[in-house]
Amino acid sequence: SGAAVPSAATLRITASGAAAPGRAGGDDAVVYLDDGLMIVDQGRILRIGDYATLAPTLDAGVSLVDWRGRLIVPGFIDTHIHYPQTDMIASPAPGLLPWLETYTFPTEARFEDPAYAAEVARFFLDELQRCGTTTALVYCTVHPGSAEAFFAESHARNLRMVAGKVMMDRNCPEFLRDTAESGARDSEELLRRWHGTGRQMYALTPRFAPTSSAAQLGACGELAQAYQDVFIQSHVAENQDEVRWAHELFPGRRSYLDIYDHYGLLRPRSVYGHCIWLDEADRLRMRDAGALAAHCPTSNQFLGSGLFDYAAARTAGMPTALATDVGGGSSFSMLQTMNEAHKVARLSGHHLSALEMFYLATAGAAQALGLQDSIGTLAEGAEADFIVLDPRATELLARRTARADTLEELLFAFAMLGDDRAVAATYSAGRMLHRRADNC
Ligand code: GUN
Ligand code: ZN
């Protein structure tokens, strides 16, 4: 038995090989169905195609959900976000390092309390669902209980999430420190309990090189070696003061990125937030290692960190995806993130199309994370994580999308004018977990 979801407009963005919209050989990467039917069964997409073709094949008794007039796309993938920073989003500070000292660390200290952690995890996941984000790479705090609370809530909702306990053993307040040994031990316990439990996956999470000793990065590298299919996430080259600090702390390394490389932390399934102040050798190293750059445009502008060079990333072939970086980021919405990514790319002389931005937020991210068979696509066999976008969600969207002549113009309007209001519904593993009250 399954739920069938027809829609007047269904978009399918597939990740086939290296093909991507806007790239050589990528023209076939986008499939658009004007009147589609998607058959969902046991949390997966069983069939997808034209309504006229598939509807006669449906068993009697299958429940139909009619989303005509909307656009169904894969759920968004946010490749870098901090759930403990939910309550301090939009906190004013003159740049990254004072922002961490003044707001971030005191807020993260509260996660010593598992009840508080559980309450924030619930709100955070509700907010992701409102925004249409079905998978995220999530930083918890240094407290193992913060990761436990997050995974428990995500697992209860059957979401596909990646998360990890932060490791930091120096250059931060005493009350937020682990040690090289305890950080590694707690991370290993958590990953053994949660990586592969239901749809949960683990990410080793050294916060960034300045807050980890050489011993801690070494221990993290050993875990990465022992557990090849877990993720690794950290920050790199976000802010010029931070880059200088990293160089002072690790004087022997060629670059900030090279610190992580030295400890075995650059590899497929490693995800580095920001990547603004990289040089050409770093970008090529990211590419060769199969590591992913998480571009966080709302955060980079909010904190004044700098402008990600999208043109250089593309020329170097550095795998790149989009991320909010809440609470440094100023929005949970991947649509708003696309809006800012477009503007930042303009400043590096690149035109980032809506098709490419939707690719970066769905199939492109999934491919770079090694999850292309599971998420980021509406291909048959994939997990049924998808969202329903409403082109009439606001008066202005309705007016602009009524005049959209191409798919590119329609998607571009969603990216520039859309936010959580544009998300009529969010489905995860075939279940509708969110539906906007003022829709239908
Ligand atoms: N660098 C180290 N920690 C953080 C953090 O929490 N947010 C951001 N944006 N950068 C960081
Ligand atoms: Zn971050």
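These notebook entries record what I looked up in a predicted model, going from its domains to its core, two helix pairs and some backbone details.

**Entry 1, domains.** I began with the division of the protein, which gives domain 1 as 3-75 + 376-435 and domain 2 as 76-368. I then looked up the separation of the two and found their C-alpha centres 28 Å apart. The contact between them draws on 31 residues from domain 1 and 33 residues from domain 2. On the side of domain 1 that touches domain 2, I noted β7 (71-74), α16 (407-417), β18 (423-428) and β19 (431-435), each of which supplies at least two residues. Helix α16 gives the largest share of that side, with 6 residues.

**Entry 2, nonpolar core.** I next asked which residues of the largest nonpolar core touch the most other members. In this core of 135 residues they are Val138, Cys220 and Ala361. Both domain 1 and domain 2 give residues to this core, so I place it between them. I also recorded a second core, separate from this one, which has 6 residues, among them Trp99, Leu100, Tyr103 and Leu303. Going back to Val138, and leaving aside residues up to four places away in sequence, I listed its contacts as Ile81, Tyr83, Phe150, Met161, Val162 and Ala163.

**Entry 3, helices α5 and α6.** Cys220 led me to the pair formed by α5 (residues 180-194) and α6 (residues 214-226), whose axes lie 8 Å apart at an angle of about 25°. Angles under 35 degrees count as roughly parallel, and α5 and α6 are therefore roughly parallel to each other. The crossing of α5 past α6 is right-handed. I wrote down the contact residues as Ala180, Gly183, Ala184, Ser187 and Glu188 on the α5 side, and Ala215, Gln216, Ala219, Cys220 and Leu223 on the α6 side.

**Entry 4, helices α3 and α4.** Here I looked up α3 (residues 114-131) against α4 (residues 144-156), and found an angle of about 45° with the axes 9 Å apart. That angle makes α3 oblique to α4. I noted a right-handed crossing for α3 past α4. From α3 the residues are Pro114, Ala117, Ala118, Ala121, Arg122 and Leu125, and they meet Gly145, Ser146, Ala149, Phe150, Glu153 and Ser154 of α4. Phe150 had already come up in my list of contacts for Val138.

**Entry 5, backbone.** I kept in mind that most residues other than glycine have a negative phi, and that most peptide bonds are trans. Which two residues does a cis peptide bond join? They are Val326 and Gly327, with omega about 0°, and Gly327 sits in the loop between β16 (320-322) and α12 (334-347). I then turned to positive phi values and noted Asn171, near 55°, in the loop between β11 (166-167) and α5. Ala237 also has a positive phi, of about 45°, although it is not a glycine, and I located Ala237 in the loop between β13 (231-236) and α7 (240-249).

**Entry 6, burial of these two residues.** Is Ala237 buried or exposed? Ala237 counts as buried because 25 C-beta neighbours lie inside 10 Å, where the cut-off is 20 or more. Asn171 has 15 other C-beta atoms within 10 Å, and I therefore entered Asn171 as partly exposed.

Note on methods:
Residues numbered from 1 in each chain as written. Chains lettered and ligands numbered in written order. Predicted model: local features only at pLDDT ≥ 70, side-chain atom pairs only at ≥ 80, totals over all residues. Core = buried A, V, L, I, M, F, W, Y, C linked by C-beta atoms within 7 Å. Buried ≥ 20, exposed ≤ 12 C-beta atoms within 10 Å, placed from the backbone. Domains from an automatic or database assignment. Contact = placed C-beta atoms within 7 Å. Axes fitted to C-alpha atoms, helices over the stretch in contact; angles between N-to-C directions. Parallel < 35°, antiparallel > 145°, perpendicular 65-115°, else oblique. Left-handed = near helix turned anticlockwise from the far one by under 90°.
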